[in-house]
Amino acid sequence: MFRKYTFTILGGDKRQVVIAKKLIACGHTVRIYGLGELSVEIPGAELFCGHEKAIEGSDVIILPLPATKDNVFLYFRCDPSGIQLRLSEIISLAAKGGCRAILGGMLPADVIASAELKGICAVDYYKDEALQRKNALPSAEGALMIAMENTEKVIKGMSTVVCGYGRIGSCLSNILYGMGANVTVMARRDEILCEAALNGYKSVRIKQDEPSEMISCLEKCDVIFNTVPHVIFSRRIIEKLKHKPLYIEIASSPGGIDTLVARELGIQTVFAPSLPGKYAPISAGEYIFETIFDILVQKGIMI
């Protein structure tokens, strides 16, 4: 049995709602600020109109994923009355109130350093390997849903290209293949190409200086799923395509395609960041809760 703690949840989306409910179910006190109308979905939580009182005396502060979009202000999906809250202010108030830990997704390194200088344990929970593995499935399923919403074909028999074969790319390839799609994996490294081939997928090497094989593959493709955060599909490649496939961007900035060229040449591009939170917020929230719990125990915050 763990002691009972006071958690403050600031900003975010439905994933934060799931985390709050689970904490309350464990008997902890949960304070909420910045969830807007989503707050009504959390019976038993203490709702605050001001962030100062919400933070004062809290043991642990949980920030959303992402914690910030500009490295300065907290990310509010449901912004309460247009107020902007600086991450630096959260740290100052947390230090004054005796807070022991701040956890956030994609928490900037300078924010972590600032918190630790004030004696607060600060952790970017998004870096947790187990969380990223878990998030691969809702990311892959979300990308598949986007493909189904933006094409007029069934998945069975569809010609697809998955660029990159990491956690998300391999999971997505497996789902597409299981549904009867023709799957081609594009990657640079020999061991990745061999692994993809052993799993039953056609494999094509990414060679931007000699893109003829890539172009030949893309010409027959209905949907491109990109998971590589580097521009691969340049003008040199895109302008050779007579057939225009749907392009779904799963990778983080800068993504894998030259967006201006894609728009100019008529490539339908769908940008799909934060898929777990959009398409499976309950599962994604549960994954984050499990990660946060493990981190707090490992750090000795929860005893």
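**Stop 1: a cavity with a greasy lining**

Start with the second largest cavity: its lining has seven nonpolar residues, no polar ones and no charged ones. To see it in this predicted model, select Leu63, Leu87, Ile90, Ile91, Ile102, Leu107 and Val111, which line the space. The volume comes to about 40 Å³. Now colour helix α3, residues 87-96: this helix gives the largest share of the lining, three residues.

**Stop 2: along β5 to β6**

Keep Ile102 selected, since you already have it from the cavity wall. Its bridge partner is alanine 122 in β6. Show strand β5 (residues 101-104) next to β6, and you'll see the two pair in the parallel sense, over four bridges.

Zoom out a little to take in the whole sheet. Six strands make up this open sheet, with parallel pairing, and the order is β3-β2-β1-β4-β5-β6. Which strands stand at the edges? They are β3 and β6 (121-124); each has a single partner strand, so one side of each is left without a neighbour in the sheet.

**Stop 3: β2 and its two neighbours**

Next, select residues 29-33, which are strand β2. Buried or exposed, for the most part? Four of its five residues are buried, so the strand is largely enclosed by the rest of the structure.

On one pairing, β2 runs parallel to strand β1 (residues 6-10), and five bridges join them. For a pair to click on, try leucine 10, which stands opposite tyrosine 33 in β2. Trace the chain between these strands: it leaves β1, passes through helix α1 (residues 14-25) and arrives at β2, a β-α-β crossover that is right-handed.

The other pairing is with strand β3 (residues 46-47), again parallel, with two bridges to β2. Here the residues to click are isoleucine 32 and, opposite it in β3, leucine 47.

**Stop 4: the largest pocket**

Now switch on a surface and go to Tyr126, Ile168, Ile250, Ala251 and Ser252. Of the 48 residues that line the largest pocket, these lie nearest its centre. The elements giving two or more residues to the lining are α1, which you have just followed, α5 (129-150), α6 (167-178) and α11 (275-279). The pocket's volume is about 1400 Å³.

What classes of residue make up the wall? Colour by class and you should find 23 nonpolar, 15 polar and 10 charged residues.

**Stop 5: the other six-stranded sheet**

From the pocket, move to strand β11, residues 246-249. It belongs to an open sheet of six strands with parallel pairing, ordered β9-β8-β7-β10-β11-β12. At the edges stand β9 (202-205) and β12 (269-271); each has a single partner strand, so one side of each lacks a neighbour in the sheet. Neighbouring strands here are turned by 20° against each other on average, direction ignored.

Zoom in on β11 and β12, which pair in the parallel sense over three bridges. Isoleucine 248 is a handy one to label: its bridge partner in β12 is valine 270.

**Stop 6: the largest cavity**

Select Leu218, Ile224, Phe233, Ile238, Leu241, Pro245, Ile257 and Ile267, the residues that line the largest cavity. Its volume is about 40 Å³. By class, the lining has eight nonpolar residues and, again, no polar or charged ones. With a cut-off of 30 Å³ or more, the cavity count is two.

**Stop 7: isoleucine 282**

Head for helix α12 (residues 281-298) and pick out isoleucine 282. How exposed is isoleucine 282? Its relative accessible area is 48%, so it counts as partly exposed, the range between 20% and 50%. Add valine 40 to the selection and draw a distance: the two are 242 residues apart in sequence and 16 Å apart in space, C-alpha to C-alpha.

**Last stop: zoom all the way out**

Show the entire chain as a cartoon. There are 12 helices and 12 strands to find. The C-alpha trace spans about 60 × 40 × 35 Å along its principal axes. Finally, colour by accessibility: of the 303 residues in the chain, 51% are buried.

Terms used
Residues numbered from 1 in each chain as written. Predicted model: local features only at pLDDT ≥ 70, side-chain atom pairs only at ≥ 80, totals over all residues. Heavy atoms only, no water. Buried < 20%, exposed > 50% of the residue type's maximum accessible area, 1.4 Å probe, protein only. Pairing = 2+ DSSP bridges. Right-handed = clockwise from strand over helix to strand, strands pointing away. 1 Å grid on protein atoms, 1.4 Å probe; cavity = no way out; pocket = protein on both sides within 12 Å on 5 of 7 lines; lining within 4 Å. Points joined across faces, edges and corners; volume = space filled by probe spheres on them. Nonpolar A, V, L, I, M, F, W, Y, C, P; charged D, E, K, R; others polar. Axes fitted to C-alpha atoms, helices over the stretch in contact; angles between N-to-C directions.
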